[in-house]
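Trainee: Please give me a close look at a single part of this model, and explain how that part is joined to its surroundings.

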Amino acid sequence: MSKASDIISRSVILSKAAIKAGNDIVINDNEFNVSNLHFRKNKVTLNGNKNRFDCAESSYFRTSRIWINGDCCSVTVKSNTTVYSNNSQCVFMGGNNNEIVIGEDCVITNSSFFINGSFNRIIIGNKCRMMETKIHVEGDHNLILIGDECSFHGRTPYPTTLFSDEGASIIVGNDSMFAHGIRIRPTDSHCIVDMDGNRLNPPENIEIGEHCWIGLDAVLLKGTVISRHSVVAARAVCTKKYTEEHCIIAGNPGRIVKRNIDWVRELPKNSGE
């Protein structure tokens with residue numbers, strides 16, 4: 001072994017020792033691929049078989065709790081991403097063949113990812129910001145897909161919640177913005193039946209187009225489609241497909257109240273005039 005290779009090998013060994021000393025880690029017969037010193041004060045428990053936890057070397061992961069119990073599950077945190085959970089449960093995964101991916105250049109603060117079931121996927125795009133947000137999945141074959149450059153601004157005690165069950169999906173386009181207290185649910189979680197026992201309320205997927213702004217305390221229920229460059233007003237309740245782009249949806253039930261609009265994140269600068 002060359003001198004350079006020996007130095008690299010020693011450095012990796014020391015890093016792994018420091019990571020083990022600075023965290024509470026139980027991995028059993030699973031894969032734990034973390035090699036950076038920014039992984040600090042976390043509690044990690046990997047039970048079952050063939051599970052993986054991967055955190056890129058350039059990412060920060062602090063004071064979070066990760067618990068996986070099942071087989072063939074994976075959590076991937078890509079490069080230049082920060083995850084901080086203030087000693088609360090960040091990842092809970094019970095079941096088999098589940099996957100969570102957090103993209104590059106993300107900031108995830110006091111948020112949680114909960115899966116209880118199998119064959120589920122939660123994918124967070126690049127450059128997302130997520131604060132006080134709960135992503136919750138029950139059952140099997142659900143999908144929650146968040147595009148790039150989205151922001152979620154929940155706050156205590158009004159988190160923003162995305163909940164999926166019964167194999168449904170929630171798809172969010174790029175550059176969308178979510179205020180606090182929002183609830184997004186493609187399922188009712190319980191059955192309503194007619195007098196012959198036939199179900200009347202099956203789950204329906206939810207889709208939010210690119211560059212949409214969802215206002216505080218809005219509720220998006222099963223079958224909702226919000227088209228691109230649209231705004232959902234505060235406390236609106238949406239239950240159908242809004243196929244028009246560039247519109248404002250308000251009220252309960254939600255209806256289009258203004259057309260031919262767009263929005264920007266930045267407030268105009270005061271010209272002083």
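Mentor: A residue is called buried when its relative accessible area is under 20%, exposed when that area is over 50%, and partly exposed in between, using a 1.4 Å probe and protein chains only. At 12%, T63 therefore counts as buried, and this residue is our point of entry. The model is predicted: local features need a pLDDT of at least 70 and side-chain atom pairs count only at pLDDT 80 or more, while totals for chains, interfaces and linings use all residues. Residues are numbered from 1 along each chain as its sequence is written, and side-chain values use heavy atoms, with hydrogens and water left out.

Confidence comes before detail. The pLDDT, the predictor's confidence in each residue from 0 to 100, averages 91 over the chain, and 92% of the residues score at least 70. Residues 3-14, however, have a pLDDT below 50, and this stretch has one contact in the model beyond near neighbours in sequence. Contact here means heavy atoms within 4.5 Å.

T63 belongs to strand 6, residues 60-71. Helices (H or I, at least four residues) and strands (E, at least two) are DSSP runs numbered from the N terminus. Setting aside residues up to four places away in sequence, T63 touches R40, K41 and N42, as well as Y84, S85, N86, N87 and S88.

Strand 8 (residues 82-94) holds the second of these groups. Two strands pair if DSSP finds at least two bridges between them; strands 6 and 8 do so in the parallel sense over nine bridges, and R62 stands opposite Y84. Strand 8 also runs parallel to strand 10 (residues 107-109), joined by three bridges, with Y84 opposite T109. A further parallel pairing, of four bridges, links strand 8 to strand 11 (residues 112-116), where G94 faces N116.

The first group of T63 contacts leads to N23. This residue sits in the loop between helix 1 (3-21) and strand 1 (24-26). Because its relative accessibility is 10%, N23 is classed as buried. Beyond its close sequence neighbours, up to four places away, N23 touches F39, R40, K41 and N42. Two polar contacts are found here, that is, pairs of N or O atoms within 3.5 Å in which, within protein, one atom must be able to donate a hydrogen and the other to accept it, and residues adjacent in sequence count only if both atoms are side-chain atoms. The N23 side chain reaches the backbone nitrogen of K41 at 3.1 Å, and a polar atom of the same side chain lies 2.8 Å from the backbone nitrogen of N42. The C-alpha atoms of N23 and V44 are 7.8 Å apart, although 21 residues separate them along the chain.

Next comes the nonpolar interior. A nonpolar core is a set of buried Ala, Val, Leu, Ile, Met, Phe, Trp, Tyr and Cys residues joined through side-chain atoms within 4.5 Å. The largest one has 55 residues, and F53, F113, I124 and I208 have the most contacts inside it. Strand 8 gives the most to this core, with four residues.

F53 also brings in V75, which is found in strand 7 (residues 74-77). With a relative accessible area of 1%, V75 is buried. Its C-alpha atom is 4.9 Å from that of F53, 22 residues away along the chain. Leaving out neighbours within four places, V75 is in contact with R52, F53, D54, I68, V91, M93 and I100.

Aromatic rings add a further layer. Rings of Phe, Tyr and Trp (its six-membered ring) pair if their centres lie within 6.5 Å; planes under 30 degrees apart count as stacked, over 60 as edge-to-face and the rest as tilted. F32, F39, F53 and F61 form one aromatic cluster, which includes the F39 that N23 touches. By this rule there are nine aromatic pairs. In one of them, F152 and F178 have ring centres 4.4 Å apart and planes at 5 degrees, so the pair is stacked. F152 lies in strand 16 (residues 151-153) and F178 in strand 19 (residues 177-178), so this pair ties together parts 26 residues apart in sequence. Both F152 and F178 are buried. Finally, F178 is among the contacts of I208, as are I171, V172 and I184.
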